[in-house]
Amino acid sequence: MGLTTDLTLPEYWNNRYDVATEPENPSHEWFRSFEELRMLLEKELPGPSLRPRILHLGCGDSTLPADLANLNYDNQLSVDFSAIVIKKMQHRYPFLEWRVDDVRDLHLEDCSVDVAIDKVICPMVEEI
């Protein structure tokens, strides 16, 4: 990788998550925390009683899926191409569904998701 970091490679993220230890770095909320996004999500997401299938794109070790589960959203799939972070999240939140997958080439059945969340664009949607 040299002096530049290639964020598009799973190896970069595997290395990053491999050194993150639970007590010191339990999660990384790169853009906004759940509390900062809560109003937007409550406004835009179908109610939990409808059991929407929520896909978290590039979930990393964000607590967002668990935070939504605490609001009774129990039909979620979180994907990331870092096998290390997915393993950590499966251990941390075994009641949620986690899968190693690349958002650039997802392996999902057609029409199997109701809502896709990418935390990178959430702050931009908020401004619209």
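A residue counts as buried here when its relative accessible area is under 20%, and as exposed when that value is over 50%. With that in hand, here are some friendly notes on the model, which is a predicted one.

1. **Overall make-up.** Of the chain's 128 residues, 38% count as buried. The chain holds 5 helices and 4 strands, and in sequence order these elements follow the pattern α-α-β-α-β-α-β-β-α.

2. **Surface and contacts.** About 8000 Å² of the chain is exposed, with carbon and sulfur atoms supplying 54% of that area. As for how the chain meets itself, take the contacts with a separation of 6 or more: residues 24 or more positions apart account for 59% of them.

3. **The β-α-β unit.** You may like to start your viewing at strand β2 (residues 76-80) and strand β3 (residues 97-100), which run parallel and are joined by 4 bridges. Within this pair, L77 of β2 stands opposite E97 in β3. Helix α4 (residues 83-92) completes the picture, since β2, α4 and β3 make a right-handed β-α-β unit.

4. **The largest core.** Which residues have the most contacts inside the largest nonpolar core? They are W13, V85, I86, M89, Y93, L96 and W98, in a core of 13 residues. The elements giving two or more residues to this core are α1 (10-19), α3 (64-69) and α4.

5. **A second core.** Separate from that one is another core, made of 10 residues, with L37, L45, Y73 and I117 among them.

6. **Helix α1 on α4.** Four residues of α1 are buried: Y12, W13, N14 and Y17. What do the buried residues of α1 pack against? Their partner is α4. W13 thus appears twice in these notes, as a buried residue of α1 and as one of the core residues with the most contacts.

7. **A look at M89.** This methionine belongs to the largest core. Setting aside neighbours within four places in sequence, M89 is in contact with G60, D61, S62, P94 and W98. W98 is also listed with M89 among the residues with the most contacts inside the core.

8. **Cysteines.** If you are thinking about thiols, a search of the whole structure finds 0 disulfides. Is C59 buried or exposed? C59 counts as buried because its relative accessibility is 9%, which lies under the 20% cut-off. C111, by contrast, has 81% relative accessibility and therefore counts as exposed, the cut-off there being over 50%.

Key
Residues numbered from 1 in each chain as written. Predicted model: local features only at pLDDT ≥ 70, side-chain atom pairs only at ≥ 80, totals over all residues. Heavy atoms only, no water. Pairing = 2+ DSSP bridges. Right-handed = clockwise from strand over helix to strand, strands pointing away. Core = buried A, V, L, I, M, F, W, Y, C linked by side-chain atoms within 4.5 Å. Buried < 20%, exposed > 50% of the residue type's maximum accessible area, 1.4 Å probe, protein only. Contact = heavy atoms within 4.5 Å. Disulfide = S-S within 2.5 Å. Areas by Shrake-Rupley, 256 points an atom, 1.4 Å probe, with all protein chains shown as cover.
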